[in-house]
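Me: I would like to learn how to read a model of this kind feature by feature. Could we take burial and packing to begin with, and then turn to the surface and the charged pairs?

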Amino acid sequence: MPGLPARDALREAAARLGSRAEARVLAAHVAGVALTRLDLLETLETADAERLARLVERRAAGEPLQWLTGVAPFRTIEVAVGPGVFIPRPETERLAGWALEWLARESRESRGRAPRVVELCAGSGAVSLALATEWPGLQQWAVERSSDALPYLRRNLAETAVTVV
């Protein structure tokens, strides 16, 4: 099947959501292209257009955009998110920045010992992943009790040296 012109699908999604920006994020997600390349896309496959329509309806019903795409930006990284974890907020990014500033001060006084960091109620692990990414070599633990959040935490920290508890 030839599909639907991408600009038409995008226009319909934007009209339903009242947000061209959110429609673009969802369209890029279903098409599997970077947001910066969306304007180069001429058509959406029929299955992708149907998937976009379903995601638009879920978003219009109030489901968070990040849960629909499965990722949320955080500082210099993206983290997997979904039902069961909070979507990282700007305040949490500031907290991670504060922690990095504290680590910089503390490391000057630590006489070569690797700083130790424990994140309690880690959720998606956004803070732990940001610290591990921006300050390699930390001794880190991320602790989470929620069985809903734990899979996201493990997934996000899988490629790091952070110990998940």
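Reply: Helix α6 is mostly covered in this predicted model, with seven of its nine residues buried. The buried residues of α6 are Ala126, Val127, Ser128, Leu129, Ala130, Leu131 and Ala132.

Me: What does α6 give to the largest nonpolar core, and which residues have the most contacts inside that core?

Reply: The general idea is that, in soluble globular proteins, nonpolar side chains tend to be buried together. Here the largest nonpolar core has 27 residues, and Phe74, Val79 and Leu131 are those with the most contacts inside it. At least two residues of this core come from each of β3 (71-74), β4 (77-80), α5 (90-109), α6 (126-134) and α7 (150-157), and α6 gives the most, namely six residues. Apart from this core lies another, of 18 residues, which includes Ala9, Leu10, Ala14 and Leu65.

Me: Which residues is Phe74 in contact with, once its neighbours within four places in sequence are left aside?

Reply: With those neighbours left aside, Phe74 is in contact with Pro88, Arg89, Thr92, Glu93, Ala96, Ala126, Val127 and Ala130. Of these partners, Ala126, Val127 and Ala130 are among the buried residues of α6.

Me: How should I read a single helix such as α2, and what do its buried residues pack against?

Reply: One can take its span, then its burial, then its partners. Helix α2 (residues 20-31) has twelve residues and reaches 16 Å from its first C-alpha to its last, close to the 16 Å expected at 1.5 Å a residue. Buried in α2 are Ala23, Arg24, Leu26, Ala27, Ala28 and Val30, and the buried residues of this helix pack against α1 (6-17), α3 (46-60) and α4 (65-69). Just after α2 comes Gly32, which takes a positive phi of about 70°.

Me: Where is there a nonpolar patch on the surface, and how exposed or buried is Leu95?

Reply: Leu95, Trp98 and Trp102 form such a patch, with about 330 Å² of accessible area together. Leu95 is placed in helix α5 and counts as partly exposed because its relative accessibility is 45%, a value between the 20% limit for buried and the 50% limit for exposed.

Me: How far from Ser147 is Gly84, in sequence and in space?

Reply: Sequence separation and spatial separation are read side by side. Gly84, in the loop between β4 and α5, is 63 residues from Ser147 in sequence and 8.4 Å from it in space, C-alpha to C-alpha. Leaving aside neighbours within four places in sequence, Gly84 is in contact with Trp67, Ser146, Asp148 and Ala149.

Me: How many salt bridges are there, and which parts of the chain does the pair of Glu22 and Arg59 tie together?

Reply: The count comes to seven salt bridges, and for each pair one can ask where its two ends lie. Glu57 and Arg16 meet through their side chains at 3.0 Å, N to O, and this pair links helix α3 with helix α1 across 41 residues. Glu22 forms a salt bridge with Arg59, with the closest N and O atoms 2.9 Å apart; since Glu22 lies in helix α2 and Arg59 in helix α3, the pair ties together parts that are 37 residues apart in sequence. The side chains of Glu134 and Arg75 meet at 2.8 Å, N to O, in a further salt bridge, linking helix α6 to the loop between β3 and β4, 59 residues apart. Glu134 is partly exposed, with a relative accessible area of 27%, and Arg75 also counts as partly exposed, at 34% relative accessibility.

Definitions and conventions: Residues are numbered from 1 along each chain as its sequence is written. This is a predicted model: local features need pLDDT of at least 70, side-chain atom pairs count only at pLDDT 80 or more; totals for chains, interfaces and linings use all residues. Side-chain values use heavy atoms; hydrogens and water are left out. A nonpolar core is a set of buried Ala, Val, Leu, Ile, Met, Phe, Trp, Tyr and Cys residues joined through side-chain atoms within 4.5 Å. Buried means under 20% relative accessible area, exposed over 50%, partly exposed in between (1.4 Å probe, protein chains only). Helices (H or I, at least four residues) and strands (E, at least two) are DSSP runs, numbered from the N terminus. Contact means heavy atoms within 4.5 Å. The expected span of a helix is 1.5 Å times one less than its number of residues. Patches are made of residues with over 30% relative accessible area and no salt bridge: like charges are joined within 9 Å, nonpolar side chains (Val, Leu, Ile, Met, Phe, Trp, Tyr) within 5 Å. Accessible areas come from the Shrake-Rupley method with a 1.4 Å probe; for residues, only the protein chains shown count as cover. A salt bridge is a side-chain nitrogen of Lys or Arg within 4 Å of a carboxyl oxygen of Asp or Glu.
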